[in-house]
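Here is a quick tour of one chain, written for someone who likes to look at cavities, rings and strands. Have the viewer open while you read.

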Amino acid sequence: MKVPMRWLQELVATDRSADEIAERLTLAGLEVESIERIGAHWDKIYVGVVEKIEPHPNADRLVLATVDAGAHRLTVVTGAPNIAVGQKVALALAGATLYDGHSPEPRLTTLKPATIRGVRSEGMVCSEKELGLSEEHEGILVLDPDAPVGIPLRDYLGDEILELSITPNRVDAYSIIGIAREVAALTNSPLRLPELPPIQAPVDPTLATIEASDLCARFVGIALEGIRVAPSPWWLRRRLQLVGLRPINNVVDVTNYVMIEWGQPQHAFDRSRLRGGRLIVRRARPSEEIETLDHVRRPLAPDMLVIADAERPVGIAGVMGGLESEISDETTSVLLETANFDMLSIRRTARTLRLRTEASARFERGLDPNLCWPAAQRAVQLLSTLIPTCRVVATVDHYPAPRRPWQIRFPRSEIPRLLGVDYPDERVISVFESLGLSVERGGENGRSVWLVTVPTYRSDLTIPADLVEEAARVIGYDTIPERLPVGQTVPVEIDPELRLVRQIQNGLVAAGLHEVITYPMVDDESLRALAPSGDQLPERFGFFERPTQELVRARNPIRPEWSIMRPSLLPTLLRNAAEQLKFNEAVAIFETGKVYLPRQRDELPDERRVVGCLLAGLATLRDLYQDERPVDYFDLKGILETILPRVGVADVAFCALTHPTLQPGRSAEINARGRPIGVLGEVLVTVAERFGIPPQTRVVVAEIDIPTILEIGLAPISVRPVSRYQPVDQDFAIVVDESVPAADVAAAIRAGAGPLATEIRLFDVYRGPAIPAGKKSLAFRVIFSAPDRPLSEEELQRLRQRIEQQIHRRVKGEFRR
């Protein structure tokens, strides 16, 4: 929001500079982001009056204008079509810095004396573009007739604009008067609000009707006759330009001026173009449309609030008016609407139509209905001043449930309790009164308890803590003394889940994967794509079974494809991989994000942190020493086998699994201490294609549930010293039934070898004529090492015997001789 200092100083009698006011506002919670200084470069530019105009002796389209600027009187050459004797203009002398009026980009130049068609000119009269005020350069800037001749233009027209960032809860500060209240309180200066004369006119209830009373708390209608539409005076147009609005005509400019000054949007309808000459506040009807002032035809939904005449909508309530009833040069009668609309309804309408305006931005924050009548008075006052023939012929004020001020029971001890510092009663009361609050002192059970009455425009003040904050910020947070804490600090304990996640993240990064963060919303199509057929939801979403309850859906999604809180990381990871594969041959990514599983009705979802991993494309790229190779199941399995034990996940095993998203025979359930903690496998080609991944690209994914790991419990991480003695590696070929998993065989080997087996690795699987039908041969390489001795041949023989016994007992296998 932009606040010109000259406008602000009309309402607050303060001599503080813009920098001082910006600092006080920022410290009080109304951040001033920047200060724009209008006219900072206006040296050697003065207010002058055109005394005489003579034709140029050598040019038909140029004239010689004699301009008196007090101590400076010049004859300048100009081609401005709008120059006339008696005008007050901006006269620039040689050496002045101006913007180039013929350059499409803002470019400062220094004015130099010039001879134009044989006549020397020592200065120039300036256009708005040359002064940096606007893009208008067809004619010169004509100042108000009361502009004092001879003073520097900076003193007359210069200004400083405060750019404020207003928080959503402070709608009262979304206006010049709102900021003026704050500045008056912060600087202890008197506030000078405009005097509003009463509106003398008969009441006509038929001017307006409210049919949607739940969405319109108040409606003020003012009927005016004798309107003459014309350009607004310079001061009004200039103020609107300074706050970023485009001047249109005197009627529309007044409504915009009141909106900026008071914070209350208004709209003026050409009453002669209203069918029935009246307005109706109602919901839109099915199939209704309206062409808004921006010349766009917009369809209306039944939940949208509109302003209508007797037959059709003429405006979208709180957002924008309709083109058919706009103010034009032929307008002579106006119906001025000043209303209060439901904030949620306006926000929903503006978002649905993708049409956010200055008016909707204010209504969306929740305006005070009691602003309507003063704003209407101010608009009538300005219109009567600008258009002497204007007169009010009828009014209406529908306000069925007036909002009243409310009281807050305020224990006086709350200030020292919450701030750690106290202020005198008189100082606190002075602050409250400067903000428009009234205080009634009292007591309860020997304690000082005040009743503070809050004006209706301060909807953010509801509890005693709010009042403490008001006292602190106005008196100044900087007045609170600094004091070091006394006592012993509480030891910092990292959340176990966060610690485990960080360890897994570090391990995956060390393994060559890159972390991604994806949006936690998906749609039905993405979830159905995980199923083999693609036309229904799969039985499992990644690691988790499909819930029996309805998935967690957004009522008003930002985008159609973000309608469901994701129950798995797989859809977003696959989408991310598809985008990366457009530019890369290899993708290795992971995410440690949350999934959202529904609970019972009216319960918040179960938010579970999950680790998702994805490898796609090539595992190795072709170079001088190796050929390229696509990723496979064992690449990701090896990464997890390495990382999980290192973070304390004990007894990790991979068991065969049938999963709707993964390839049969290339998928597994990840177990720890006998409990499932995740899934791993190669994605079905049809599933990968639905996410935009080429069919020839192999994709391997894994999803691991962190809370389940913590429920099982982490094993202490032990460090085994490196043996000083030479390790011994031996190969074992073991024949087992086809149904026996390799993990069970490896477990049997470890049970027989004990701690002397430092590594067990499967390197071959054989099926063929040398093996009986229904059997397979698994070849393992086992590395033996003892920390305190070299292993003898006799000790190795005993180890082989124990391993053979365990193989026979656990998996009914035998060594292949």
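A cavity here is a set of grid points where a 1.4 Å probe fits but cannot get out, and its lining residues are those with an atom within 4 Å of a point. Keep in mind that this is a predicted model.

**Cavities**

With that rule, two cavities of 30 Å³ or more turn up. Let's take the second largest cavity to begin with. Its lining is made of Val649, Ala650, Ala672, Arg673, Ile677, Ile709, Ile712 and Gly713. By class, that is six nonpolar residues, one polar and one charged.

The largest cavity has 16 lining residues, and Val171, Asp172, Trp262, Leu371 and Tyr457 are the ones nearest its centre. Which helix gives the largest share of this lining? That would be H5 (residues 176–187), with three residues. Here the classes split into six nonpolar, six polar and four charged residues.

Side by side, the two look like this:

| Cavity | Volume | Lining by class |
|---|---|---|
| Largest | about 140 Å³ | six nonpolar, six polar, four charged |
| Second largest | about 40 Å³ | six nonpolar, one polar, one charged |

Tyr457, one of the residues nearest the centre of the largest cavity, also has a charged visitor: Arg181 lies over the face of its ring, 3.9 Å from the ring centre. A second case of this kind is Lys637, which lies over the face of Phe654 at 4.9 Å from the ring centre.

**Aromatic pairs**

Searching the whole structure gives 10 aromatic pairs. One of them joins Phe410 and Phe432 edge-to-face, with 6.0 Å from centre to centre and 70° between the planes. The two rings come from distant parts of the chain: Phe410 belongs to strand S25 (residues 406–411) and Phe432 to helix H12 (residues 425–434), 22 residues apart. Are these two residues buried or exposed? Both Phe410 and Phe432 are buried. Elsewhere, Trp7, Trp235 and Tyr257 come together as one aromatic cluster.

**Strand S34 and its partners**

Now for strand S34, which covers residues 586–597. Because 10 of its 12 residues are buried, S34 is largely enclosed by the rest of the structure. It pairs with strand S29 (residues 514–515) in the parallel sense, over two bridges. In that pairing, Glu515 stands opposite Phe590 in S34. S34 also runs antiparallel to strand S35 (residues 606–620), and 12 bridges join them. If you want a spot to zoom in on there, try Ala588, which stands opposite Leu615 in S35.

As a reminder while you look along these strands, side chains in a regular strand alternate between the two faces of the sheet.

**A five-stranded sheet**

One more piece to pick out is an open sheet of five strands with mixed pairing, in the order S14-S17-S20-S21-S22. Why do S14 and S22 each have one side without a neighbour in the sheet? S14 (208–210) and S22 (320–321) stand at the edges and have a single partner strand each, so one side of each is left free of a neighbour in the sheet.

Within this sheet, S17 (residues 279–283) and S20 (residues 305–308) run antiparallel, joined by four bridges. Val281 is a handy marker for this pairing, as it stands opposite Ile307 in S20.

Conventions: Residues numbered from 1 in each chain as written. Predicted model: local features only at pLDDT ≥ 70, side-chain atom pairs only at ≥ 80, totals over all residues. Heavy atoms only, no water. Pairing = 2+ DSSP bridges. 1 Å grid on protein atoms, 1.4 Å probe; cavity = no way out; pocket = protein on both sides within 12 Å on 5 of 7 lines; lining within 4 Å. Points joined across faces, edges and corners; volume = space filled by probe spheres on them. Nonpolar A, V, L, I, M, F, W, Y, C, P; charged D, E, K, R; others polar. Buried < 20%, exposed > 50% of the residue type's maximum accessible area, 1.4 Å probe, protein only. Phe/Tyr/Trp six-rings, centres within 6.5 Å; stacked < 30°, edge-to-face > 60°. Lys NZ or Arg CZ within 6 Å of the ring centre and 35° of its normal.
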